[in-house]
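Dear colleague,

I am handing over the structure below, and afterwards I set out what was found in it. Please keep it open beside this message while you read.

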Amino acid sequence: MNSQVFGRVSIEGIQVIALSRNGGTSASPYNSLNLASYVGDDPKCVSANLDLVKAMVSAEGISIMNAEHGNRVHVVNESGIAPHGDGLVTKSPGLALVALAADCVPFGLIDPVNRVVAVGHAGWRGVLANVVQTLLDEFVATGAQLAHTQAVIGPAICAKCYEVPAERVEQFREVCPAAVSSSTHLDLSAGVKSVLASQVTQIHEFDGCTFENEDLFSYRRAAGDPTGRGGLVIAIGAS
Ligand SMILES: [Zn+2]
């Protein structure tokens, strides 16, 4: 697979792309479509990759999530690295939103009627902190209506590959039982989906395990070595 696109959906002029790690400009170990400026990659390569992603969704600007594994979310209207947080919301046509991830779950919200979009990032800390609901709340506060809202869940590490300490599974049994796959494994995508499912009208899933699929960035597969970040991009058409 050489395509930069791992999965794509278009909803009434709103483009959603789950990115692969292919077709960018970064050298190993960030090869090649790394979008994160904080992992040690050459800033010129990151900038060139962001330009590629902007072109893919015909955007004029791009707002990049600055994830912190919490539940802060921000409304953004400008290009650049966003304030620390794990969710971004915009109504600005032509401004692409990017959720970075490499095993965590990137997810998106699209209201094609009120023209509001959002992206989020949920690792285990984010799921426990309910970043999904926090982002849904801010999305509605910004003018979206859940009766018109579709969601997207990008590729993440699958339950089979995501072994965690038993005490963490116990935390999830109390807070988000839908994410518990076994006494030692978590399904974070199922946890994210469980919050979205009762609230949005449709969920598009880009199935694929970041750990198993070498077309995707995986923090766990890198096993302590540096690696890049891919994720999910959403943009309202500038027309
Ligand atoms: Zn897997």
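**Notes on the fold**

In the antiparallel pair that is described further below, V16 stands opposite I234 in β12. This is a predicted model, in which local features need pLDDT of at least 70 and side-chain atom pairs count only at pLDDT 80 or more, while totals for chains, interfaces and linings use all residues. Residues are numbered from 1 along each chain as its sequence is written.

Overall, the protein has six helices and twelve strands, where helices (H or I, at least four residues) and strands (E, at least two) are DSSP runs numbered from the N terminus. The radius of gyration of the protein is 16 Å, close to the 18 Å that the globule rule gives for 239 residues, so the protein is as compact as a globular protein of that length; this radius is taken over C-alpha atoms, and the rule is 2.2 Å times the number of residues to the power 0.38. Along the principal axes, the C-alpha atoms of the protein fill a box of roughly 50 × 45 × 30 Å.

One open sheet has six strands in the order β1-β2-β12-β7-β3-β5, with mixed pairing, two strands being counted as paired if DSSP finds at least two bridges between them. At the edges of this sheet stand β1 (5–11) and β5 (80–84), each with a single partner strand, so one side of each is left without a neighbour in the sheet. From one strand to the next, the twist averages 20°, with axes being lines fitted to C-alpha atoms, for helices over the stretch in contact, and angles running from 0 to 180 degrees between N-to-C directions.

Within this sheet, strand β2 (residues 14–19) pairs with β12 in the antiparallel sense over six bridges, and strand β7 (residues 95–101) pairs with β12, also antiparallel, over five bridges, L100 having G231 in β12 as its bridge partner. Strand β3 (residues 61–66) runs parallel to β5 and is joined to it by three bridges, with I81 in β5 as the bridge partner of I64.

Strand β12 (residues 230–236) has seven of its seven residues buried, so it is largely enclosed by the rest of the structure; a residue is buried if 20 or more other C-beta atoms lie within 10 Å of its own, exposed if 12 or fewer, and partly exposed in between, with C-beta atoms placed from the backbone. The largest nonpolar core has 78 residues, and those with the most contacts inside it are A96, V98, L188, V192, V233 and I234. Such a core is a set of buried Ala, Val, Leu, Ile, Met, Phe, Trp, Tyr and Cys residues joined through C-beta atoms within 7 Å. Among the residues that A96 touches are V53, V57, I62, V233 and I234, not counting residues up to four places away in sequence, contact meaning that the C-beta atoms of two residues, placed from the backbone, lie within 7 Å.

A further open sheet of six strands has the order β4-β6-β9-β8-β10-β11, again with mixed pairing. Here β4 (73–75) and β11 (202–205) stand at the edges, each with a single partner strand, so one side of each is left without a neighbour in the sheet. Strand β10 (residues 150–153) and β11 pair in the parallel sense over four bridges, and Q150 stands opposite Q202 in β11. Helix α3 (residues 131–141) packs on this sheet, touching β4, β6 (87–90), β8 (105–111) and β9 (116–122), and its direction makes about 165° with that of β9.

With kind regards
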